[in-house]
Amino acid sequence: MPMRFSKRLWTLIACLLAVPAVVLATPGAGFVFNFFNRFTSVTDEIHEHARTKQWSAELEVEGATDFVQQDVMLAPGGFSGWHSHPGPVIVTVKSGTATWYSADDPDCAPKVYTTGSAFIEPANVQHFVANLGSDNLELLPTYIIPKGVATRQEQPPPSQCPF
C-alpha cells in the first residue's frame with residue numbers, strides 16, 4: 001500500500017531541506033527601504049564605445065540583458081550580508097558613507113565611498129557593504145545582468161573576515 005504524505009509533512013520536509021542554505025548565507029540587516037525597477041534591453045547586442053583625448057568607455061553585451069535599478073537605504077549599523085552579482089553593478093552613493101569589503105582581499109580591508117562617489121562591483125565577486133556611519137546610507141546601484149536572472153546570490157562569509 002503506497003504511503004501518502006500530508007501537505008503539512010511536505011512543508012516540514014521542504015523547510016528542513018532549506019535550512020542548510022539559510023545557515024550558510026549571511027542576510028543583510030538595517031534596510032530602511034529597498035526599491036527595484038527592472039527593464040529588458042530591446043536588443044540582444046550592445047556595442048557602445050565613447051572616447052575623448054583623456055577618457056574612454058566601452059560597453060559590450062551579447063544576449064538578452066536586464067538593467068535593474070535599485071534605490072536602497074541602510075540605517076546606521078545596517079549591512080548587506082555577503083553576496084555576489086552575476087554581472088557588473090555600477091553604484092552611486094547618494095548619501096552617507098558605504099564601507100565595502102571583498103572576499104578576494106586576504107586582509108579584508110575596507111574600501112570607503114562617500115556621498116557623491118561611485119564605484120563598480122565586479123561580476124561574481126563576493127562582497128559585503130556596511131553603513132558604519134551615524135547617518136543613513138542611500139545607494140543607487142544599476143545591475144547589468146542576463147535576462148531573468150536574480151540580481152544577487154547569497155554567499156557564506158569568507159574565513160579572513162570576522163563578520
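1. A quick word on classes before we look at the pocket: Ala, Val, Leu, Ile, Met, Phe, Trp, Tyr, Cys and Pro count as nonpolar, Asp, Glu, Lys and Arg as charged, and the others, Gly among them, as polar. With that in hand, the lining of the largest pocket comes out as eleven nonpolar, six polar and two charged residues. Do keep in mind that this is a predicted model.

2. Now for the pocket itself. The volume of the largest pocket is about 260 Å³. Its lining is made up of 19 residues, and Q70, V72, H83, Y143 and R152 are the closest to the centre. By the classes above, V72 and Y143 are nonpolar, Q70 and H83 are polar, and R152 is charged.

3. Which strands each supply at least two residues of that lining? They are strand 1 (29-40), strand 4 (65-79), strand 6 (89-95), strand 9 (118-121) and strand 11 (137-146). It's worth finding these in the viewer, as some of them come up again below.

4. On to charged pairs. Side chains of opposite charge can pair when their charged atoms come close. Searching the whole structure turns up three salt bridges, and I'll take them one by one.

5. R38 and D66 form a salt bridge, with 2.7 Å between the closest N and O atoms. This pair links distant parts of the chain, since R38 belongs to strand 1 and D66 to strand 4, 28 residues apart. Are the two partners buried or exposed? D66 has a relative accessibility of 2%, so it counts as buried, while R38, at 38%, counts as partly exposed. Both strands also help to line the largest pocket.

6. The second bridge joins the side chains of E138 and K94, at 3.8 Å from N to O. Because E138 sits in strand 11 and K94 in strand 6, the pair ties together parts that are 44 residues apart in sequence. Here E138 is buried, as its relative accessible area is 8%, under the 20% cut-off. K94, on the other hand, has a relative accessible area of 46%, so it is partly exposed.

7. In the third bridge, the side chains of E154 and R152 meet at 2.7 Å, N to O. E154 counts as partly exposed because its relative accessibility is 41%, and R152 is partly exposed too, with a relative accessible area of 26%. You've met R152 already: this residue is one of those closest to the centre of the largest pocket, so the note ends back where the pocket began.

Definitions and conventions. Residues numbered from 1 in each chain as written. Predicted model: local features only at pLDDT ≥ 70, side-chain atom pairs only at ≥ 80, totals over all residues. Heavy atoms only, no water. 1 Å grid on protein atoms, 1.4 Å probe; cavity = no way out; pocket = protein on both sides within 12 Å on 5 of 7 lines; lining within 4 Å. Points joined across faces, edges and corners; volume = space filled by probe spheres on them. Helix = DSSP H or I, 4+ residues; strand = E, 2+ residues; numbered from the N terminus. Salt bridge = Lys/Arg side-chain N within 4 Å of Asp/Glu carboxyl O. Buried < 20%, exposed > 50% of the residue type's maximum accessible area, 1.4 Å probe, protein only.
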